[in-house]
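Morning, everyone. Please look at the screen while I walk you through one protein.

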Amino acid sequence: MSAIQTILVENRVFPPSEAMVKSAHVSGMEAYRALYEESERDFEGFWGRLAKEHLVWAKEPTQVLDESNKPFYKWFADGELNASANCLDKHMGTPVEHKTAIIFEADGGEVTKITYRELLDRVSQFANGLKAHGIKKGDRVLIYLPMSIEGVVAMQACARLGAIHSVVFGGFSARSLQERIIDGGAVAVITANFQMRGGREMALKAIVDEALALGDCESIKNVFVYERTASTYPMTAGRDKTFAQLLEGQSTDCPPVMVDAEHPLYILYTSGSTGKPKGVQHSTGGYLLQAKLTMEWSFDLKPEDVFWCTADIGWVTGHTYVTYGPLAAGATEIVFESVPTYPDAGRFWQMIERHKCSVFYTAPTAIRSLIKAAETNEKVHPKNYDLSSLRIIGSVGEPINPEAWVWYYTNVGGERCPVVDTYWQTETGAHMINPLPGATPLVPGSCTLPLPGIFPAIVDEAGEELPDGVGGLLVYKRPWPSMVRTLWGDPERFKNTYFPPEMKGWYLAGDAAVRTIGDSYYRVTGRTDDVLNVSGHRMGTMEIESALVAKTDLVAEAAVVGRPDDVTGEAICAFVVLKRPVPEGDEAKAIAKELRDWVSKEIGPIARPKDIHFGENLPKTRSGKIMRRLLRTLAKGEKITQDTTTLENPAILAQLGQTY
């Protein structure tokens, strides 16, 4: 976790246009500073005011922040509300009731639109179906669905009953599903027979069956299956029901179950450096407040906007900026099933043109891959599409490199749309540091300034604050409403991970950052622990190493590191010691493919190593510690200049240099 002392200097500044400043919710830097100063001056009063203004309460809270059991903070704890009611019911009887809530575009291009009234009816009917099968407040329900209206309905239906959903990305393996079912004690799984991606049918129900067959999943009583395609699939009598069976005879009227503000809304598993995924637990009230609030602050949302967040509901971005934030704000949003390169790499631009999207929010990985596609195929360049509907464009998932930022700003935003480069985490629940489109001058590659009510700092390993221009560890000095409450079933790990003693009670983000001299803008420079960020998805190195070593017939030992990658941000590089002589040539290529396929099966395709290196051993100190800094140098293809005198086996470095 060493501090980063050198940074790239970026002198380009893009101020907001006069028109954007005039029309924005937060108009100009003076308005931003006034909000920020209010949050400094009266921290609890600030958040209490916003909670009353932005949420509909069955019982208004009398206390804002309870700090009596740090770091297990509570927000609005004696208040009562329902998340689904705040996204749907509150719009009934207003003009939003008959407004389009979701524009769904399927893999093949088919478009379905649904109003807020229709969405409420479907959510209520689905919730009644779940209730009829015994699912109640506090129960955990695992959701393993493709991007779809059904995915949003399932999440909202759980929230309506006070059931706690745990969504798993549709690319994860049976083993990953099983781990999450066991850890959360889920009572039901909501899945689909297949998902469609890039014109291909991909099984989901079969993976659920495989997960349950692995054992220790006796808590699962029901599996509900959305029949996305007409293809046949196996069903287990008594346990499995189709959506049609679940919904048959169910009313479209389902009163929402009121819960206290601290009631868990969901558990979302994220990678950890110790191997076992962490069940990040979010509350209902505080989380929902910042989900809605940041729709207004970060995206300057207007009633006429068409909002599109391209993230999958399996990730936190899909929770906050697909399922909860846009609906709580009464927005019309696009939900997209497919991939940005199908049938060609002009898909995103075509959809923006077709649906008149005005606020577009995607990941740097997607942007970089589309830059590459546009450079090799002129037909899919964004200049060939009418993107004039765009007002604001955003970036999420990882730091965006300055040149990709400028390309995005120029070619997609037409040099008129602010790039809202958002920094946040699964654990923070909502945006933490990012520009406000009508206020903040933009600097490529910088997430700029903290949102009002958010108090970051840059510190060294001892928790001492560092001056501007010196890189270190990013911390937050005050709690915030949408923060992680605990790790499901593991409060000690929560404390040790996010509030280590040396950080003086401050939240440790696990990211390295620097504040630039002159403007005090924040720039996040990467992870400080052994978690890789691949295409915006955090993957624990220990998980991938564990999967490799689980190939017991072949692998003796493995170490995984990351290296920079133009498309995915970070690429997974595995250094592997086999239980046989070091392979070469075609044999090495064949074994490397076998190992990649194995990791894909054990964890999921996103964990597939890009590079594999073979050696008789790994570089270790005499005490047996793997020297990962040397592996990172090898992964980058750079010459080793570090001190290797402590190595037990320095000759191994030359052997590990070959990539397959």
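I'll begin with the whole protein, then go to a few helices, single residues and unusual backbone spots.

One thing up front: this is a predicted model.

Let's start with the overall picture. The protein has 19 helices and 30 strands. Its radius of gyration is 24 Å, and the globule rule gives 26 Å for 660 residues, so the protein is as compact as a globular protein of that length. Along the principal axes, the C-alpha atoms fill a box of roughly 75 × 65 × 60 Å.

How much of the protein is buried? Of the 660 residues, 62% count as buried. The accessible surface comes to about 24300 Å². Carbon and sulfur atoms hold 51% of that surface.

Now contacts. Take the contacts with a sequence separation of 6 or more: 71% of them join residues 24 or more positions apart.

And charges. There are 69 positive and 83 negative ones. Their mean positions lie 1 Å apart.

Next, the helices. Keep one rule in mind. An α-helix has 3.6 residues a turn, so residues three or four places apart point the same way.

Find helix α5, residues 116–132. It has 17 residues. From first C-alpha to last it reaches 24 Å, close to the 24 Å expected at 1.5 Å a residue. Which of its residues are buried? They are Y116, L119, L120, V123, S124, F126, A127, N128, G129 and L130. After α5 comes G134, with a positive phi near 85°.

Move on to α11, residues 316–328. This helix is mostly covered, with 13 of its 13 residues buried. Just after α11, look for G330. Its phi is positive too, about 70°.

Then α13, residues 364–376. It has 13 residues and spans 19 Å between its end C-alpha atoms, close to the expected 18 Å. Its buried residues include P364, I367, L370, I371 and A374. What covers the buried residues of α13? The cover includes helices α12 and α14. It also includes strands β18, β19, β28 and β29.

Now some single residues.

Go to L631, in helix α18, residues 628–635. Buried or exposed? L631 is buried, because its relative accessible area is 0%, and the cut-off for buried is under 20%. Set aside neighbours within four places in sequence. L631 then contacts A559, V561, F575, P619, I626 and L656. L618 sits 13 residues away along the chain, and its C-alpha is 8.7 Å from that of L631.

A291 is in helix α10, residues 285–297. A291 is also at 0% relative accessibility, so it counts as buried. Beyond four places in sequence, A291 touches T320, Y321, G325 and A430. Between A291 and R228, the C-alpha distance is 29 Å, with their positions 63 residues apart along the chain.

Now G171. Where is it? G171 lies in the loop between β7 and α7. G171 and A607 are 436 residues apart in sequence, yet 9.9 Å apart in space, C-alpha to C-alpha. G171 touches I603, G604 and P605, with residues up to four places away left out.

Last topic: backbone oddities. Most residues other than glycine have a negative phi, and most peptide bonds are trans. Here are some exceptions.

Which residues are joined by a cis peptide bond? K70 and P71 are one pair, with omega about 0°. P71 is in the loop between β1 and β2. Y342 and P343 are also joined by a cis bond, again with omega about 0°. P343 lies in the loop between β17 and α12.

Now positive phi outside glycine. D300 has a phi of about 50° and is not a glycine. It sits in the loop between α10 and β16. D300 counts as buried because its relative accessibility is 2%.

K504 also has a positive phi, near 60°, and is not a glycine either. Look for K504 in the loop between α15 and β24. Its relative accessibility is 45%, so K504 counts as partly exposed.

To recap: 62% of the residues count as buried. Helix α11 has 13 of its 13 residues buried. And two cis bonds to look up again are K70 to P71 and Y342 to P343.

That's it from me. Thanks.

Note on methods. Residues numbered from 1 in each chain as written. Predicted model: local features only at pLDDT ≥ 70, side-chain atom pairs only at ≥ 80, totals over all residues. Heavy atoms only, no water. Helix = DSSP H or I, 4+ residues; strand = E, 2+ residues; numbered from the N terminus. Rg over C-alpha atoms; globule rule 2.2 N^0.38 Å. Buried < 20%, exposed > 50% of the residue type's maximum accessible area, 1.4 Å probe, protein only. Contact = heavy atoms within 4.5 Å. Areas by Shrake-Rupley, 256 points an atom, 1.4 Å probe, with all protein chains shown as cover. Lys, Arg positive; Asp, Glu negative; His and termini not counted. Charge placed at Lys NZ, Arg CZ, Asp CG, Glu CD. Expected span 1.5 Å × (residues − 1).
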